[in-house]
Amino acid sequence: MSRFMSSAAMKMSGVTVALALSLTGTFVHADAATTSLNWVQVTSTQAPAGRAWAAMSYDSLRGRTVMFGGAPNTGSNFSDTWEWDGSTWTQRTPSASPSAVLGAAMVYDSSRARSVLFGGATTPGAITSGTWEWDGTTWTQRSLAVSPPARFWHAAAYDSVRGRMVLFGGDGQSGPLGDTWEFDGASWTQKFPATSPSPRYGQAMSFDSVRNRVVLFGGFGPNGRLGDTWEWDGTNWTQQRPSTSPFPRFFASMAFDAQQSKSILFGGDYLKPNTLGPTNDMWEWDGTNWIQDYTAAVPSPRSAQSMSYDSTRARIVLFGGTDETFSNPFYGDTWELGTGIVTPPGNPTATFYPTSVNFGFDSLGVTSGPFALKLFSSGTGPLLITSFSTTGDYAVAGSDCPISPTPVAAGTSCFVSVSFTPTAVGDRAGTLIVNDNASGGSNSVALDGTGTANPATLTVNPATASFGGMAYITASLTSSVGPIYSASISFTLPNGATATVQTDVNGIATWPNASVAGINPGSYAGGIQANFAGNQGFLGTSAAATLTVNPPPIDGVLSLNGMPGNITVNATDSTGAVVTYAAPTAVDELDFTSTASVSCAPASGSTFAIGTTNVTCTATDIDDTSAAATFTVTVNDADLALTGMPANITADATGPGGAVVTYAAPAAADEASESSASAASCTPASGSTFAIGTTTVTCTATDADDSPNTVSQSFTVTVNDTDLALSGVPATMTVNATGPSGAVVAYAAPTALDEAGDSLAPAVSCAPASGFTFPIGTTTVTCVASDGDDTPASATQSFNVTVLDTDLAIIGIPGNVTVIATGSSGAVVTYALPTAVDEGGDSPAVAVSCAPASGSTFAVGTTTVTCTASSADDNPATVSATFTVTVLVDMTGSASVSPSTATTGTLVTGTVSVTNTGAVTRTATVVMTFTFNSQSGGVTVNTTKAVVKLDAGQSATRTFTFKVSKSSARGAYSFVATVSDVTGTVSSSATFTVT
């Protein structure tokens, strides 16, 4: 792959990808996620032109997704700025702008309310290292003393906890990069972690705000696509090794979904069994494992798309990308991922590629390699697969297709592989069936293959026989699937003798008594002919081997055949051992009718005494001179042993010289029951003074007539010198810091104990010493006592001193604020940000953040503003303070009633005084109601409505009357007036009594 992929080069790569479909392989199906996430395509009256490798971020203060630059299918790169509010794309036209680039990285710095853009490529071979910031109105280029080297196709994420933009890798002037940088809004700093991902470009990154980790996946390195997962904690990169992972890819996109608490990975140019190139699969990372999520709808396969998370609406926004083909332009569509999105059922359709499969010729009983068929969800709604099945000699070998209720979204594909195992010779037709919710309820693919008979291999072993005697003949029949059993093998000898023998389970055919009568002595190449005629499953075959016929012997030379060799065994008890052997046979080369006999003494099965005994075997025959031969049987006395060996011993020293240790010596055991038992001796002897440390004691017994004649065993004696120790070691100490440098801590030094009674007491030293100024944090104090004649020569103990930094505080908290609403959403309120005080002298200074922020729009009512400061080395690490902002409706209403007591015929007048306390002219609606306060609740007896228009500061009054009649209820009444305008509603009331 070239270092800079122009549009034309990218399209050429896409053709290679599109044609590189290999229909072999196996599948590992990942578990599907169980979230309710779904994709939906959204439209706008105007939208950015189609593009790939654009930079994107989400401005959470203004509620806008920001996109900059990217590359078209043909022509120059873009330098335009667009914003998406959830319904409309709006092009922004600032007076200054970054250069037209592709492959830049952009994040939103929420602590400074800025989108930060870095790097990118302007033209082939021209890459940048500029840092730009967008505040919603203006692009500003930062002039910085230090900056990362120029690059493009790098990745970045914003660590909102540490307030840092984290940047990794990319393609630089000399190739893929593997460096890590952080930008805090003031300067770039290169980080040098102990471990780091390998150099790469096109990787995906997001910030997990739940676990405070930057997550990185994949990319393209010197050896191709990558599929590894890494996390950055602000100090080091750690490679994660989940049980399942997405396939290797680059140019994928990733965003952290705060509602799901997971990083979402989508698309990219990937490599998996059976395919490579653009994909539209989606994966979720929860910090432990990757889980593939199948949604009911999904964007088409693509790479180099832009994606970010809209935290206000809990939606992931995706734009553009490329399918890497010649003909299609780069995408200009907008998609959103979130919950509550419903995809219509549509008309789901399943389409297979290829539409039929021929496995060709395969041997009977042999399973072919798997053939992978691609299944397209080619309809207009989600496809639900309930099962795969096959007919005939075919089986489903694997699949990565999800099973209902998990959907296969329209426009996506998966694979199912099928294998062929012929059970008979000839054409073997079958079908792959997928049961689904498409029209008809199922789809099928025709499968075909041809079963062929297996080649067979026949092997015949050479055989030897005596003249006029019998031969032992065997043959082996095998195939590629193993031994062939119950097959008929036909044998033929030179004398015309024949036999037909069935093979056993091991494929062996045996003719044990094949007569060689009539065959003269000699060697006959091909003298044993064997034939397998074949059957339905296996092809026929034949083989031959040499038959050797030995000549008859010359009479007068009676001999022994099969004479045993000399035998040596160990005695089983004091009488020796029972020894058996195979007796030899007599050979009389001429007298075939002779009944020569063989006898051996001592006989096989006799008890042979310890020592060496000669065994003589004699062959006799009435017409021959007897023949004899001998061999020896040696019975070794091998029972010499030691019994009662002590176990390993551990003792404490009683003085500098060690300790006297006694033990029970072992005894010698000899089953031969010699008259004088062999004694056992041990060194060092029991009762010796054993030095401090470990000494091996070896015990030995000797007897000249045993084999071996000497046996030995050992055990150890360990003498511990345990008297050197420390006494009075202080316990763990915790104090508060008295200043930025920590606190002076004093402690009582421990003393040394040495029971050996040394003339000079051992010295004790502690570090850091008592009275030392201990810094903030935890310091370990180590105390050591030393004495040269002890083992070990020193004793060590330690304790901890913890100095707490407890001075973190917030000052300058604003007082409670009360303002008048300026519109329907309330009022914009600004306030002075408080500051943090930390006597520990942290550098940089501790920042204070308040929520809602100064300049926010506060709704009508009372809102509590919480200001927080954090410093990891303080205890507590976080402090906070609050004040309130109260936003009042810009209208006031004051109700009064006269008279306070009325009777029949009285005209009661209710008056409301309305005042515009705001800064602009308002129109207000006044509702006035007379209500009888019954025991069961208020009952409206009369009501009216009036509209008043008041300038700022102007007041007006409105009246409403109620005449008491004879039928009017007696009791308590209320006059209620409500005043409403665009900023809200206020109410006031007064009471009177009807008697």
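What share of the contacts in the chain with a separation of 6 or more comes from residues 24 or more positions apart? The share is 60%, where contact means heavy atoms within 4.5 Å.

This is a predicted model, in which local features need pLDDT of at least 70, side-chain atom pairs count only at pLDDT 80 or more, and totals for chains, interfaces and linings use all residues. Residues are numbered from 1 along each chain as its sequence is written, and side-chain values use heavy atoms, without hydrogens and water.

**Whole chain**

Start with the C-alpha trace. Along its principal axes it spans about 165 × 100 × 80 Å. The radius of gyration, taken over C-alpha atoms, is 49 Å, while a compact globule of 995 residues would have one near 30 Å. That rule is 2.2 Å times the number of residues to the power 0.38.

Colour by secondary structure. You get one helix and 82 strands. These are DSSP runs, numbered from the N terminus: H or I of at least four residues for helices, E of at least two for strands.

Of the 995 residues, 45% count as buried. Buried means under 20% relative accessible area, exposed over 50%, partly exposed in between, with a 1.4 Å probe and protein chains only.

**The largest pocket**

Select Ser111, Val161, Arg162, Gly163 and Ala847. Of the 37 lining residues, these lie nearest the centre of the largest pocket. A pocket is an open set of points on a 1 Å grid over the protein atoms alone, where a 1.4 Å probe fits, with protein on both sides within 12 Å along at least five of seven lines; lining residues have an atom within 4 Å of a point.

Now add strands S13 (188-191), S71 (848-851) and S73 (861-870). They are the elements that give two or more residues to the lining. S71 gives the most, with four.

**Ala530**

Jump to strand S41 (residues 522-532), which holds Ala530. Is Ala530 buried or exposed? Ala530 counts as buried because its relative accessibility is 3%. Leaving out residues up to four places away in sequence, Ala530 touches Leu458, Val460, Ile489, Ser490, Phe491, Ser542 and Ala543. Then draw a C-alpha distance from Ala530 to Thr498: 9.7 Å, with their positions 32 residues apart along the chain.

**Ala395**

Last stop: strand S30 (residues 394-399), home of Ala395. Ala395 counts as partly exposed because its relative accessibility is 35%. Beyond residues up to four places away in sequence, Ala395 touches Thr390, Ser417, Val418 and Ser419. The C-alpha atoms of Ala395 and Pro193, 202 residues apart along the chain, are 51 Å apart.
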